[in-house]
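Colleague: Please take a single part of this predicted model and go through it closely, following its contacts outward to whatever it leads to. I would like the reasoning laid out along with the values.

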Amino acid sequence: MSSPAPPPKSLTVRDAAAQLGVTPRTLKYYEELGIVVPVRSEGRYRLYEPADLERLARVLRMRSLGFSLTTITEMLRQPMEAPAEGGRPRLSNASLKSLRETLGAQLATLDARVAQVRRELKEAAALQAQLRRDLDYVERRLAGEPVEEALAQRRAERPVS
């Protein structure tokens, strides 16, 4: 006769944070957002169950992929459909539609940010080229090149606008 399996081991905030590679404050913040609700010991210490750690690992993966905490929280709060025989719970159609709106809004925000960064990079590259020309001129002058020759070289290197 086999003995029943021992209950899964719970981890303290410090141990859970170490296992997940985050700070204890991060776990407490995720709790404040309602992403995870750890059980409490008799002494009121937070204890994280294996299911909590799986959920937190999923959140951290989503964060590393660029999902906002708002979107993650929204996704995790969506009602699930009952699983089919042997399957996993799935998001309902209503949940998927709500999630589509949330993700669409976040994607639009990211698209705008990407466009802004591209404009900034183009401006930075133009300034970088100008500073290189300025530095080249200064170095030529310091090397003893006459002003007229250095200016002529600089004019020849100026990009056509």
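Modeller: A salt bridge here means that a side-chain nitrogen of Lys or Arg lies within 4 Å of a carboxyl oxygen of Asp or Glu. By that criterion, R46 and E31 form a salt bridge in this predicted model, with their closest N and O atoms 2.4 Å apart. Because R46 belongs to strand β2 and E31 to helix α2, the pair ties together parts that are 15 residues apart in sequence. The two partners fall into separate accessibility classes, for E31 is buried, with a relative accessible area of 17%, while R46 is partly exposed, with a relative accessible area of 22%. The pair also belongs to a wider arrangement, a network of salt bridges that links E31, R40 and R46. As a general matter, side chains of opposite charge can pair when their charged atoms come close.

The part I would examine closely is therefore the helix that carries E31, namely α2, which spans residues 24–32 and in which L27, Y30 and E31 are buried. These three cover an arc of only 105° around the axis, and so they sit on the same side of α2. The spacing along the chain helps to explain this, since an α-helix has 3.6 residues a turn, so residues three or four places apart point the same way. As for what that side faces, the buried residues of α2 pack against helices α1 (13–20), α3 (50–64) and α4 (69–76), and also against strands β1 (39–40) and β2 (46–47). Strand β2 thus appears both among the packing partners of α2 and as the location of R46, the salt-bridge partner of E31. Beyond the helix comes G34, which follows α2 and has a positive phi, near 85°.

A positive phi also occurs in a residue other than glycine, R44, where the value is near 70°. R44 is placed in the loop between β1 and β2, and it counts as exposed because its relative accessibility is 57%.

Among the elements packed against the buried residues of α2 is α4, and α4 leads on to helix α5 (residues 93–142), since the axes of the two helices come within 10 Å and cross at roughly 175°. Angles over 145 degrees count as roughly antiparallel, and α4 and α5 are therefore roughly antiparallel to each other. Their contact comprises 3 nonpolar, 4 polar and 1 charged residues; on the α4 side these are T71, E74 and M75, which meet S98, L99, T102, L103 and Q106 in α5.

For context, the structure holds 6 salt bridges. One of them lies within α5, where D136 pairs with R140 at 2.9 Å between the closest N and O atoms; since these residues are 4 apart in the helix, they are separated by about one helical turn. Both count as partly exposed, D136 at 24% relative accessibility and R140 at 22%. R140 also meets E145 in a salt bridge, at 3.3 Å from N to O, and E145, like E31, is buried with a relative accessible area of 17%.

Definitions and conventions
Residues are numbered from 1 along each chain as its sequence is written. This is a predicted model: local features need pLDDT of at least 70, side-chain atom pairs count only at pLDDT 80 or more; totals for chains, interfaces and linings use all residues. Side-chain values use heavy atoms; hydrogens and water are left out. Buried means under 20% relative accessible area, exposed over 50%, partly exposed in between (1.4 Å probe, protein chains only). The arc is that of the directions from the helix axis to the C-beta atoms. Contact means heavy atoms within 4.5 Å. Axes are lines fitted to C-alpha atoms, for helices over the stretch in contact, and angles run from 0 to 180 degrees between N-to-C directions. Angles under 35 degrees count as roughly parallel, over 145 as roughly antiparallel, 65 to 115 as roughly perpendicular and the rest as oblique. Ala, Val, Leu, Ile, Met, Phe, Trp, Tyr, Cys and Pro count as nonpolar, Asp, Glu, Lys and Arg as charged, and the others, Gly among them, as polar.
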